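This report describes the fold of one protein chain and the way its residues pack together. Please look at the sequence and the structure before reading on.

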Amino acid sequence: MPGPKSYNNGMENTIQYELTPKKVKNIIIRVKANGVVAVTMPYRMSKKKVDAFVQSKAEWIRMMQKKLANQQRIDAVSYTHLRAHETD
């Protein structure tokens with residue numbers, strides 16, 4: 001089976017996402033750690049319906065992308081933690 005395809009409905013200010021058809025009953029939206037949006041769709045559902053659903057969740061998707069971007073900035077800082085028994 002080929003990999004996910006990037007999809008954009010051509011309109012400005014829309015969510016771009018990787019679309020993967022699978023044997024599922026519902027549309028599944030995932031925001032990966034790198035901010036990429038991955039959408040899994042049922043085989044028998046139209047791309048137009050999936051796109052409308054994804055765009056209706058745009059606010060949540062952008063919020064998750066910002067949240068993950070902030071986590072990556074925090075994780076990028078390196079700290080050294082010493083336990084009490086390691087200091088001797």
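The face of α1 that points away from the buried side of this helix bears the exposed residues K48, K49 and S56. The structure is a predicted model, and the account below follows from its atoms.

**The two faces of α1**

Which residues of α1 are buried? They are V50, D51 and V54. These three residues lie on the same side of α1, because they span an arc of only 100° around the axis. A general property of helices helps in reading this pattern: an α-helix has 3.6 residues a turn, so residues three or four places apart point the same way.

**The fold as a whole**

The protein chain contains four strands and two helices. Their order, starting at the N terminus, is β-β-β-β-α-α. Of the 88 residues in the protein chain, 24% are buried. The protein chain exposes an area of about 7,200 Å², and 52% of this area comes from carbon and sulfur atoms. Among the contacts with a separation of 6 or more, 36% join residues that are 24 or more positions apart.

**The nonpolar core**

The largest nonpolar core has 15 residues, and the members that touch the most other members are Y17, V37, V39, V50 and V54. At least two residues of this core come from each of β2, β3, β4, α1 and α2. With four residues, α2 gives the most to this core. The residue ranges of the contributing elements with stated limits are listed below.

| Element | Residue range |
|---|---|
| β2 | residues 17-22 |
| β3 | residues 28-31 |
| β4 | residues 37-42 |
| α1 | residues 47-56 |
| α2 | residues 58-76 |

V54, one of the buried residues of α1, illustrates the packing. Apart from residues up to four places away in sequence, V54 touches I15, Y17, I29, V39 and I61.

**A residue in a loop: V36**

V36 belongs to the loop between β3 and β4. Is V36 buried, partly exposed or exposed? The relative accessible area of V36 is 27%. Buried residues have under 20% and exposed residues over 50%, so V36 counts as partly exposed. When neighbours within four places in sequence are left aside, V36 is in contact with E18, R30 and V31. V36 and I61 are 25 residues apart along the chain, and 9.8 Å separates their C-alpha atoms.

Terms used:
Residues are numbered from 1 along each chain as its sequence is written. This is a predicted model: local features need pLDDT of at least 70, side-chain atom pairs count only at pLDDT 80 or more; totals for chains, interfaces and linings use all residues. Side-chain values use heavy atoms; hydrogens and water are left out. Buried means under 20% relative accessible area, exposed over 50%, partly exposed in between (1.4 Å probe, protein chains only). Contact means heavy atoms within 4.5 Å. Accessible areas come from the Shrake-Rupley method with a 1.4 Å probe; for residues, only the protein chains shown count as cover. A nonpolar core is a set of buried Ala, Val, Leu, Ile, Met, Phe, Trp, Tyr and Cys residues joined through side-chain atoms within 4.5 Å. The arc is that of the directions from the helix axis to the C-beta atoms.
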